[in-house]
Amino acid sequence: MLMFERPIPGQSLTAESKSQAFERPPEITDPIEALDAHMDNLSGDGAMEDALYFLEFGVDLVTLVQGMLRGAVMEGIHSIDVSLIIAPVLHEYVKGFADAAGLEYDEGFENAEGKRVLSYKRDMARAKEMLKEIKKDDAPSSDSFVSEPMEEPEQDIEEQEPVKTGLMARM
């Protein structure tokens, strides 16, 4: 059975205005205070341990930090603008803990698709060079047969003068 947990279009118009946390003004508007709130949350019971667990099992650091910040926006803690301001600092904070714990993790800045395409193109170029070398090595020597140059067929092409119309016809 497929369950849909998303609101249907127009559902927000049927509820009380500003009934959701993200529809009200944020609780914190100062980026420094918002950063302090996030750092306090991460220093709470098991929060940093959970974050490091997700990093250890494949969630990249950028996605983890964005998830924490989006959650705070949805709860009405701070605005998206504040999230954009504090994201790099929070990223480095969590990264410091991950490095201190000796975890191997993906920071999330690498473009895996771009690397894959670049690797494919390099492999194709190498393959073409190898094929050229093989063809050059397998080509028969000039002593084995005499080839005559091919003659190009004659073509009668008449030069036509372009037809001038419009404003430029008078010149």
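1. Pro31, Ala34, Leu35, His38, Met39 and Leu42 of helix 1 meet Val82, Ile85, Ile86, Val89, Leu90, Tyr93 and Val94 of helix 4. Sorted by class, this contact has 12 nonpolar residues, 1 polar residue and no charged ones. The model is a predicted one, and the points below should be read with that in mind.

2. The geometry of this pair comes next. Helix 1 covers residues 31-42, and its axis comes within 10 Å of the axis of helix 4, crossing at roughly 40°. Because angles from 35 up to 65 degrees fall outside the parallel and perpendicular classes, helix 1 is oblique to helix 4. The crossing of the two helices is right-handed.

3. Helix 2 (residues 47-56) also packs against helix 4: their axes come within 10 Å and cross at roughly 75°. Helix 2 and helix 4 are therefore roughly perpendicular to each other. From helix 2 the contact takes Met48, Leu52 and Leu55, and from helix 4 it takes Tyr93, Val94, Phe97, Ala98 and Ala101. The contact of helix 2 with helix 4 has 8 nonpolar residues, with no polar and no charged residues.

4. How far apart are the axes of helix 3 and helix 4, and at what angle do the helices pack? Helix 3 spans residues 61-74 and helix 4 spans residues 80-101; the axes are 9 Å apart and the angle is about 140°. That makes helix 3 oblique to helix 4; a pair counts as roughly antiparallel only over 145 degrees. Helix 3 passes helix 4 in a right-handed crossing.

5. The residues in that contact are as follows. Helix 3 supplies Leu61, Val62, Leu64, Val65, Met68, Leu69 and Val73, which meet Ile80, Ser83, Ile86, Ala87, Leu90, His91, Val94 and Lys95 of helix 4. By class there are 12 nonpolar, 2 polar and 1 charged residues in the contact of helix 3 with helix 4.

6. Val94 of helix 4 deserves a remark. Val94 is among the helix 4 residues that meet helix 1, among those that meet helix 2, and among those that meet helix 3. Ile86 and Leu90 of helix 4 are listed in the contact with helix 1 and in the contact with helix 3.

7. The largest pocket holds about 300 Å³ of space. Its lining has 14 residues, and Gln66, Leu69, Ser83, Leu84 and Ala87 lie nearest the centre. Helix 3 and helix 4 are the elements that give two or more residues to this lining. Helix 4 gives the largest share, 7 residues. The lining of the largest pocket divides into 9 nonpolar, 3 polar and 2 charged residues. Leu69, Ser83 and Ala87 also appear in the contact between helix 3 and helix 4.

8. Which residues line the second largest pocket? They are Pro7, Gln11, Ser12, Ala15, Glu16, Ser19, Gln20, Phe22, Glu23 and Met74. About 220 Å³ of space lies in this second largest pocket. Its lining comprises 4 nonpolar, 4 polar and 2 charged residues.

Methods: Residues numbered from 1 in each chain as written. Predicted model: local features only at pLDDT ≥ 70, side-chain atom pairs only at ≥ 80, totals over all residues. Heavy atoms only, no water. Axes fitted to C-alpha atoms, helices over the stretch in contact; angles between N-to-C directions. Parallel < 35°, antiparallel > 145°, perpendicular 65-115°, else oblique. Left-handed = near helix turned anticlockwise from the far one by under 90°. Contact = heavy atoms within 4.5 Å. Nonpolar A, V, L, I, M, F, W, Y, C, P; charged D, E, K, R; others polar. 1 Å grid on protein atoms, 1.4 Å probe; cavity = no way out; pocket = protein on both sides within 12 Å on 5 of 7 lines; lining within 4 Å. Points joined across faces, edges and corners; volume = space filled by probe spheres on them.
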